[in-house]
Amino acid sequence: MLDKIKALQQELENATASSQDDVELLRIKYISKKGSINQLFSDFKNVPGDQKKEVGKAINDLKNFALEKINSLRDSFESKTAETSGADLTRPGEPLRLGTRHPLSLVKNKIIRIFGRLGFTVAEGPEIEDDWHVFSALNFPPEHPARDMQDTFFIEKDPDILLRTHTSSVQIRVMENQQPPIRAIFPGRVFRNEAISARSHCIFHQVEGLYVDENVSFADLKQTLLYFAKELFGEDTQIRLRPSYFPFTEPSAEMDVSCSICGGEGCNVCKYTGWLEILGCGMVDPNVLESCRIDSQKYSGFAFGMGIERITMLLYGIKDIRHFFENDVHFLKQFGPAV
Ligand code: DAH
């Protein structure tokens with residue numbers, strides 16, 4: 001055994017390496033789990049008792065010698081690579097370039113914060129939905145054109161599984177699982193089978209809002225939306241509600257804000273009307289409450305839904321919706337640090 005140790009010691013003393021890979025091979029050969037030094041440790045149990053002390057010390061010394069030798073060979077290569085690469089190790093480091101928040105995330109977070117101040121919480125639902133949550137429970141009649149293949153991406157037909165066309169589906173999921181009072185907003189991605197152009201895309205984002213409690217009135221809806229518009233577009237912003245139609249609200253309205261670009265004077269963004277349409281809203285149709293087993297005699301509510309791309313384009317003066325999805329850093333880095 002002592003001879004074996006001596007022979008290994010000799011081998012290690014003479015060992016040389018001409019690359020980092022050679023050093024690694026030495027490491028594997030001598031000091032890895034299956035290396036020859038570990039082998040000595042396993043053979044140690046066969047050493048007669050009276051020699052154990054001497055042999056044990058010799059193996060330990062050999063192990064330490066091997067570790068030192070291999071480390072010093074490794075060091076010599078590491079310093080060599082730094083020297084030979086011509087790198088100036090005294091140069092200051094390149095600063096790490098921090099990413100920026102996507103403009104859609106910035107605006108989404110702003111909307112969440114504004115409604116948060118009014119006590120609205122945030123909930124999310126699935127992007128792959130069924131007919132019930134996207135259409136039927138929202139009071140869409142069976143023949144409604146939105147169910148058409150022209151508008152909706154179907155994953156399966158009969159039973160219908162589809163990519164949600166609006167975040168109103170999350171209203172249903174929340175009302176199915178929770179009794180009033182409910183006060184929440186639902187941001188998320190939606191999908192429509194539309195041609196891609198500067199103004200529309202087949203993927204975009206919405207924020208849906210829902211408030212259900214006893215005695216919720218249209219006046220509550222209007223005041224909530226006025227507060228929201230002023231917080232988002234500025235204190236001088238005015239709103240107007242125009243009668244409209246959605247299957248899931250009655251009465252329904254579309255809301256315009258006074259044009260934040262010309263202050264209502266008329267410009268090409270507001271097409272010289274002084275107003276910009278930004279969302280749809282209304283009082284939740286009693287049929288929708290009943291679909292979710294909420295007593296429509298006792299409770300009433302309002303809902304609203306808006307597109308985040310459109311609002312972001314208005315806030316930042318972005319003229320083409322496709323910028324949001326191209327991930328060109330030249331575009332993205334304009335939006336300041338992540339907040
Ligand atoms: N879901 C509608 C859409 O995608 C937007 C909408 C309109 C949502 C009126 C509502 C609402 O909650 O009350 O166009």
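## Around the ligand

Let's start with the ligand's surroundings: its shell is made up of eight polar residues, five nonpolar ones and two charged ones. Keep in mind as you look that this is a predicted model. Which residues come nearest to the ligand? Out of the 15 residues around the ligand, they are His166, Ser168, Arg192, Gln206 and Glu208.

Arg192 deserves another look, as an N or O atom in its side chain sits 2.8 Å from an oxygen atom of the ligand. Backbone atoms join in too. Ala303 has a backbone N or O atom 3.2 Å from an oxygen atom of the ligand, and a polar backbone atom of Phe304 lies 3.3 Å from a ligand oxygen atom. How much of the ligand does the protein bury? On its own the ligand would expose 350 Å², and the protein buries 88% of that. Helix H7 (168-177) gives two or more residues to the shell, and so do strands S6 (203-213), S9 (275-284) and S10 (300-307).

## The seven-strand sheet

Some of those strands turn up again in a bigger pattern. S6, S9 and S10 belong to an open sheet of seven strands, which goes S1-S5-S6-S10-S9-S8-S7 and has mixed pairing. Why is one side of S1 and of strand S7 (239-246) left without a neighbour in the sheet? Both stand at the edges with a single partner strand each, so there is nothing in the sheet on the other side.

A quick bit of background: strands of a sheet pair through backbone hydrogen bonds, and they can do this in a parallel or an antiparallel way. You can find both kinds around strand S5 (residues 182-191). Strand S1 (residues 121-122) runs parallel to S5, and two bridges join them. Here Val122 stands opposite Ile185 in S5. With S6, S5 runs antiparallel, and 10 bridges join the two. One of the pairs to look for is Ala184 with its bridge partner Leu210 in S6.

## Buried spots

Is S5 largely enclosed or left open? Eight of its 10 residues are buried, so the rest of the structure largely encloses S5.

Now move over to strand S8 (residues 249-258), where you'll find Thr249. Thr249 has a relative accessible area of 2%, and because buried means under 20%, it counts as buried. What does the side chain of Thr249 make a polar contact with? The partner is the side chain of Ser252, at 2.7 Å.

## The three-strand sheet

There's another open sheet to explore, this one with three strands in the order S2-S4-S3 and antiparallel pairing. Strand S2 (128-130) and strand S3 (154-156) are at its edges; each has a single partner strand, so one side of each has no neighbour in the sheet. From one strand to the next, the twist averages 35 degrees.

How many bridges link S2 with strand S4 (residues 161-163)? Three bridges do the job, and the two strands pair in the antiparallel sense. To spot a facing pair yourself, find Asp130, which stands opposite Ile161 in S4.

Definitions and conventions. Residues numbered from 1 in each chain as written. Predicted model: local features only at pLDDT ≥ 70, side-chain atom pairs only at ≥ 80, totals over all residues. Heavy atoms only, no water. Near = heavy atom within 4 Å. Polar contact = N/O pair within 3.5 Å; in protein donor to acceptor, adjacent residues only side chain to side chain. Areas by Shrake-Rupley, 256 points an atom, 1.4 Å probe, with all protein chains shown as cover. Helix = DSSP H or I, 4+ residues; strand = E, 2+ residues; numbered from the N terminus. Nonpolar A, V, L, I, M, F, W, Y, C, P; charged D, E, K, R; others polar. Pairing = 2+ DSSP bridges. Axes fitted to C-alpha atoms, helices over the stretch in contact; angles between N-to-C directions. Buried < 20%, exposed > 50% of the residue type's maximum accessible area, 1.4 Å probe, protein only.
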